[in-house]
Amino acid sequence: MKKLVAISLVLNKILLAQISPGELSSFHAKFDGLSNCTKCHTIGEGLDNGKCLDCHKEIKTRVEKNSGYHSSKEVKGKQCWTCHSEHNGRNFQIIQFNKSKFDHRLTGYELTGKHKSIDCSECHNQKFIKDPSLKKKLKSFLGLVNTCISCHQDIHQQTAGRNCEKCHNTFSFSSNIQFDHSKTSFQLIGAHKKVNCIDCHKKSVTENSTILKFVSKTKVECIDCHTDVHENKFGNNCLKCHNYNSFKNVPKQGFDHSKTGFPLNGKHQFVQCNECHKNKLTDPVKHNKCLDCHQDYHKGQFAIKNTPRDCEDCHSENGFTPSNFTLEQHQRTKFVLTGSHLAIECRSCHYKNDEWKFKFNSFQCIGCHNNVHNQEISPRFAGQNNCENCHNTGLWSIIKFDHNQTKFTLSGKHAQTNCRSCHIKEFQNKKIHLFKSLKSDCLDCHKDFHNKQYASGECVNCHTFDNWKPGLFNHNETAFKLTGAHERVECIKCHPKVEMDNGDNFILFKIRRVRCSDCHLS
């Protein structure tokens, strides 16, 4: 018996091999056998697309609706077997599909934005398939709906409609949101324009879901979002005092502050309410002293026994500047103002390094003035930076100094010369003051008109401090005494002018030729 069965199977295969071109794939294995050929083939006519679609109803439905990939120009009009070949063996993949090269636009749904970068399986997933017959399949690219909420959770719960693309795009749900709030029953004006959506439309996040509703009620009131800090003392119509630009911009004419016991005078009239009313506007504010609201700008400099003096002693509500501190009051301090100090602005002395200073440990001039002399004046004359030894507060240029106490006594023209002429020199385009380092030779200050014919110390042999005329010069003390007719000869006849290459000239006094023939013709 077993032999007969074996022989029968062998004959069957031989006969099938004569009719069938090959073994069916694992997908169609149930149609093996001669009795099933007509399931796909029509005798005498070959394969029939109609038979394929009768079995694959999910494809037939899409073809009839002219939608999906099988209705695209790439597939429409083709025979099924041209893409899904059979009789190639059990392990043959009847669906040849290259994910990376597939043009998704052919399905009628173009991939844009982030949809282009995600894996196919993130969308083509059983949990998103709505058709029960397709949901049973282990793997299928069919059965999806191209609406956003078919894959994404509608966190708005239809309070924003079902057309997500009105506001969102495929690049990002949270950025570049396009929504015209003016088309709603609540137009955004004033400060509402700057508020983030999430500040009004609160997001509710739980372990399983996120909800962000939009439509709540037709008539929106301020207290729906804002806390009534007045606890309904002024009613629900907030716009009587406030506006959409800011709750803090309360019209002054709408509230009489003098009834609080603190009338707003001076600059207090222009202060925003919240600068004093830090918490609730109805909370009492301590205001008996300026320091109850204002910091001690002077950092305790005017404190008496560690107790700060109140600002009103020097200032008023009209402004911190100018101060009410008078000149008469200043003259009762340890530093009496005299001379030019009377005309100087207060900040010139009291505002240093971006800080006001009123308490001074020293009243020396160098506290405010630079010592332009540096170390040029010895302590014998200046002491320890005692500028008043020479200067006074009336005018710096009026100097009280006895020059005869130095090694250089002022006489003649020197007594009439301005100090600056000798003691201020220009070096590298900068003026410097010289005193100790100033040399006392004539040529250190005066130009050498004799072109180095005489040494610096020789000037006093001819000149005095009264004028430049050589009143002390005696020609008879030279190597050539003037006698006879020589006494009447003009100096220029023997001492000519010599012109130099640079345009300067000088008189030649040092003459070495003293013989008669040197000047007279023989």
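## A salt bridge between Asp518 and Arg515

In this predicted model, aspartate 518 and arginine 515 are joined through their side chains by a salt bridge, with an N to O distance of 3.9 Å. Arginine 515 is exposed, and its relative accessible area is 60%. The pair belongs to a set of salt bridges whose count comes to eight.

## The network of Glu23, Asp32 and Arg90

Salt bridges also link Glu23, Asp32 and Arg90 into a network. Within this network, arginine 90 pairs with glutamate 23, and the closest N and O atoms of the two residues are 3.7 Å apart. Glutamate 23 is located in the loop between α1 (2-19) and β1 (41-42), whereas arginine 90 is located in the loop between α3 (57-64) and α4 (120-123); the salt bridge therefore ties together parts that are 67 residues apart in sequence. Arginine 90 also forms a salt bridge with aspartate 32, where the closest N and O atoms are 2.3 Å apart. Aspartate 32 lies in the loop between α1 and β1 and arginine 90 in the loop between α3 and α4, so this second pair ties together parts that are 58 residues apart in sequence.

The members of the network can also be described by their accessibility. Glutamate 23 is partly exposed, with a relative accessible area of 44%. Aspartate 32 counts as partly exposed at 33% relative accessibility, and arginine 90 counts as partly exposed at 28%.

## Ser140 and its surroundings

Serine 140 is placed in the loop between α5 and α6. Its relative accessible area is 15%, and serine 140 is therefore classed as buried, the limit for that class being under 20%.

A polar atom of the serine 140 side chain lies 3.1 Å from the backbone nitrogen of leucine 142. When neighbours within four places in sequence are left aside, serine 140 is in contact with His124 and Leu134.

## A nonpolar patch that includes Phe141

Phenylalanine 141 is found in the loop between α5 (132-135) and α6 (197-200). With a relative accessible area of 34%, phenylalanine 141 is partly exposed, while serine 140 is buried.

On the surface, phenylalanine 141 takes part in a nonpolar patch together with Ile95 and Phe97. The area of this patch is about 270 Å².

## The chain as a whole

The chain contains 13 helices and 10 strands. Its radius of gyration is 56 Å, well over the 24 Å given by the globule rule for 522 residues, so the chain is more spread out than a compact globule. The C-alpha trace spans about 180 × 95 × 45 Å along its principal axes.

Of the 522 residues in the chain, 13% are buried; serine 140, with its relative accessible area of 15%, is one of the residues classed as buried. The accessible surface of the chain amounts to about 41600 Å², and carbon and sulfur atoms account for 54% of that surface. Among contacts between residues at least 6 apart in sequence, 40% join residues at least 24 apart.

Definitions and conventions:
Residues are numbered from 1 along each chain as its sequence is written. This is a predicted model: local features need pLDDT of at least 70, side-chain atom pairs count only at pLDDT 80 or more; totals for chains, interfaces and linings use all residues. Side-chain values use heavy atoms; hydrogens and water are left out. Patches are made of residues with over 30% relative accessible area and no salt bridge: like charges are joined within 9 Å, nonpolar side chains (Val, Leu, Ile, Met, Phe, Trp, Tyr) within 5 Å. Accessible areas come from the Shrake-Rupley method with a 1.4 Å probe; for residues, only the protein chains shown count as cover. A salt bridge is a side-chain nitrogen of Lys or Arg within 4 Å of a carboxyl oxygen of Asp or Glu. Helices (H or I, at least four residues) and strands (E, at least two) are DSSP runs, numbered from the N terminus. Buried means under 20% relative accessible area, exposed over 50%, partly exposed in between (1.4 Å probe, protein chains only). A polar contact is a pair of N or O atoms within 3.5 Å; within protein, one must be able to donate a hydrogen and the other to accept it, and residues adjacent in sequence count only if both atoms are side-chain atoms. Contact means heavy atoms within 4.5 Å. The radius of gyration is taken over C-alpha atoms; the globule rule is 2.2 Å times the number of residues to the power 0.38.
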